[in-house]
Amino acid sequence: MSTAKKQYKRVTVKSLTEMKKNDEKISMITAYDYTMAQIVDHSEIDVVLVGDSASNVMAGHETTLPITLDQMIYHASSVIRGIQRALVVVDLPFGSYQSDPKEALRSSIRIMKESGAHAVKMEGGKEIKDSIKRILKAGIPVMGHLGLTPQSIYKFGTYTVRAKEEYEAKKLKEDAKMLERIGCFAIVLEKVPAKLAKEVAESVSIPVIGIGAGGGVDGQVLVIHDMLGMNKEFSPRFLRRYADLHTVMTDALKQYKDDVKSQKFPDENEQY
Ligand code: KIV
């Protein structure tokens, strides 16, 4: 049985606003390739994020900084081929939008044109306001991203909870209002106190989608490898593991290896 309040054949940025109005929580998950995207879409997840977390979980980098625009476009176009229903949002990677609005627009146009994605996501508040406005003016929907912004890891030095201090909380609230005012269709809020996240969600009409931001926001996002338990090392408090694919996969692979070594695979039904 579906837990959705309304059935959507295709999720658009307008559907998300409607979901918030109807008090229906938004489900969002990352994906980086065609096969995963198909599984995610068959599960009727509302939003697929081609996150720059691909830099960590797909390429094994320590941070999100090394991933390039070309690599994001490659991941995004693979995902798009597996999606029929979900809204697909793509992260603008580090270095593709920070220098000026023209560069930000050029990068966004490349993502939209070359991958077929539906929207872009950008980390930051008033520092990147002009770039967001320029992209929006070109008709490209923008999702904001506030709180913990992993592309600025070297500025902050840690991945700990953000906006615990009053002055940070004040800036975050101002940034969220600004993103709403200039026309962003949604905001991701990462790793901030639940009370503050709820306050922010209640202060804007656009959906606020949280990761490590508690249940008082309008939706949730997780990295797919983390929530499926493919990654044993990463276990922050906010993460709920819905499966233990690491164990399932290693057990299957060990069984395969043993069957090959003991000549149990293939048998006569598995040959021509
Ligand atoms: O890149 C990513 O996966 C993200 C999510 C953690 C929101 O930005």
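Visitor: What makes Thr30, Leu49 and Gly51 part of the surroundings of the ligand?

Guide: The ligand is surrounded by residues including Thr30, Leu49, Gly51, Asp91 and His145; a residue is near a molecule if one of its heavy atoms lies within 4 Å of it, so these residues count as near. This is a predicted model, where local features need pLDDT of at least 70, side-chain atom pairs count only at pLDDT 80 or more, and totals for chains, interfaces and linings use all residues. Residues are numbered from 1 along each chain as its sequence is written, and side-chain values use heavy atoms, with hydrogens and water left out.

Visitor: Why is the pair formed by Ser53 and an oxygen atom of the ligand called a polar contact?

Guide: A polar side-chain atom of Ser53 lies 2.5 Å from that ligand oxygen. A polar contact is a pair of N or O atoms within 3.5 Å, so the pair qualifies. Lys121 has a polar side-chain atom 2.9 Å from a ligand oxygen, and for Asp52 the distance from a side-chain N or O atom to a ligand oxygen is 3.0 Å.

Visitor: What makes 3 residues of the shell count as charged?

Guide: Asp, Glu, Lys and Arg count as charged; the shell holds Asp52, Asp91 and Lys121, so these are the 3 charged residues.

Note on methods:
A polar contact is a pair of N or O atoms within 3.5 Å; within protein, one must be able to donate a hydrogen and the other to accept it, and residues adjacent in sequence count only if both atoms are side-chain atoms.
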